[in-house]
Amino acid sequence: MKILMVAKDALEAQGIHWVLQSHFTGIQLTVLDNMKGLLNAIQHEKPDFIIVDMDKWTWDDDTLKDALQNNKIRWLGISSERVFQVAYLGLCLHAEDILFRPFAPSDLIKQIQQIRFQIRNEQHQVQNRRNEKIEGVDVDYADFFLTERMYNQPVIMSAFLTPHVNTLPFIYDTIQGYHFTGKHQFFALSHFILGVHETEESVLLKEEYRRFLAHWKEKMEEPLALIINASTKKTTIKEIYQQTKQLTEQVFFEGYDIILSADERSYWKELDPFLTPLEQRQWIEMLEKRDIKAIREWVEHEFFTYRRPYPSPDMVRIRLTSVLAQIRRYMKAYKTHEVEWEAAYHNVFQQIIRKPVIYQIVSELLTFITQLLIKGHDSLQEGAGTLVEKVKAMIESNYWDAQWNLATCADVLRMNKSTLSRRFAAESGQSFRDTLHQVRIREAKRLLRETDLPLEEISRLTGYSHQTYFNAKFKQLEACTPLAYRSGI
């Protein structure tokens, strides 16, 4: 690409020259001292683009105007004066843009990128008119799924993703009308558009994809993510496709309106998706205390700190449902399962399963938890249910707390402790204390069966401060020691 430039400041010209050379290949930049030299160069060198310092332009000189119009040369203006005359001149002579000092190097780079794209697109159209259409790559749908075919030429595979699959036809049509250099072909799949490029020029291809993304954003508000898989190892088309498909799943962490690229195959990081007993207890405490700040910090630390290599999105979704299970437990304990809360709960579950980006899922989850803890807090006192049902629900939520007792329960229910004890025993047929111990021992039995936690830890998780007391209560209710129960004796 041949560029001519007239600049009034040699240092600025040197800086522009360095920016263009460092960001582009194939740029031939010639710096001229004055307009006369520019006019001569336009006639003899036939430039693709010129950069004109409009502060050096003599307004009553029509020679440069005629040269620009007659030769249909694209040009960019630079000026220190933000006045109407400068803008009007640029408008009349169809300038690509006018950059007013001080301007960012990125603004200049963007303009050059756009011009390069337009020139290549025009060259491509000329080739088509001359029946010089570039042939596509020799790849078919079966090569992605069924065959183990090796491709003799270097291949770069790409993917176009959007959160709404009904937009894929528009993406496909836009791609067909867009120019990419070299042999290439695009395939419409169920969840994304797949591209296959027969080239090793990954840098050039990435630049063309950046151009396409900018082109798309100018025309559509629909989010779009582009994947470029420049595999350096000789392998089958099927394996390259599988690598590319895995890269598309990283959008779950990275989001849209970006270009993701990888030169080597990446693997998912291992992740245990289920909450540990200690994490479950922490969630019970945070919910019981309605500690929204602690919940937000836990969730953000857990789900917003992933770094490459990422865990599998499926494992993260399972972990999110493990958190949601704790919310469900709280809802049942406090009888916050009216129609509106049930609908909200199932909506969050669907978001976890279907939403394409983790940030959106976590935002929905935190919003739901906040509303539930604030608006649904009075459901225990105001909701339907007998006294026995309410007390048993509170026992289920608080059995793990060794300090929680009849007096604490009575305070929450706004009742006298003795009255609560008498009414609960009369209506349920057993004392508050016996019911509490039954729930604690039931949970201890589950932990003995399902985990390898030591007895001391199990006693603590089930609300007993001392293991000796825990052993005694367990034997009293189950007719055997915890160790014997775990051993199956």
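Tutor: Before we start, strands here are DSSP runs of E with at least two residues, numbered from the N terminus, and the model we are looking at is a predicted one.

Student: Good, so where does D53 sit in the secondary structure?

Tutor: D53 lies in strand β3, which covers residues 49–53.

Student: And does UniProt place a feature at D53?

Tutor: According to the unreviewed UniProt entry, D53 carries the feature "modified residue: 4-aspartylphosphate".

Student: Buried or exposed, that D53?

Tutor: D53 counts as buried, because its relative accessibility is 1%, and the cut-off for buried is under 20%.

Student: Which residues is D53 in contact with, leaving aside neighbours within four places in sequence?

Tutor: With those neighbours set aside, the contacts of D53 are V6, A7, K8, E12, M35, I78 and R101.

Student: Switching to the whole protein, how many helices and strands are there?

Tutor: The protein has 23 helices and 10 strands, and of its 489 residues 46% are buried.

Student: What about the radius of gyration, set against a compact globule?

Tutor: The protein has a radius of gyration of 34 Å, whereas a compact globule of 489 residues would have one near 23 Å; the C-alpha trace spans about 105 × 60 × 40 Å along the principal axes.

Student: What share of the contacts join residues at least 24 apart?

Tutor: That share is 69%, counted among contacts between residues at least 6 apart in sequence.

Student: Last one, how many positive and negative side chains?

Tutor: There are 61 positive and 65 negative side chains, with the centres of the two sets 6 Å apart, while the protein exposes about 25900 Å², 49% of it supplied by carbon and sulfur atoms.

Notes: Residues numbered from 1 in each chain as written. Predicted model: local features only at pLDDT ≥ 70, side-chain atom pairs only at ≥ 80, totals over all residues. Heavy atoms only, no water. UniProt positions renumbered as here; feature names shortened; annotations may be inferred. Helix = DSSP H or I, 4+ residues; strand = E, 2+ residues; numbered from the N terminus. Buried < 20%, exposed > 50% of the residue type's maximum accessible area, 1.4 Å probe, protein only. Contact = heavy atoms within 4.5 Å. Rg over C-alpha atoms; globule rule 2.2 N^0.38 Å. Areas by Shrake-Rupley, 256 points an atom, 1.4 Å probe, with all protein chains shown as cover. Lys, Arg positive; Asp, Glu negative; His and termini not counted. Charge placed at Lys NZ, Arg CZ, Asp CG, Glu CD.
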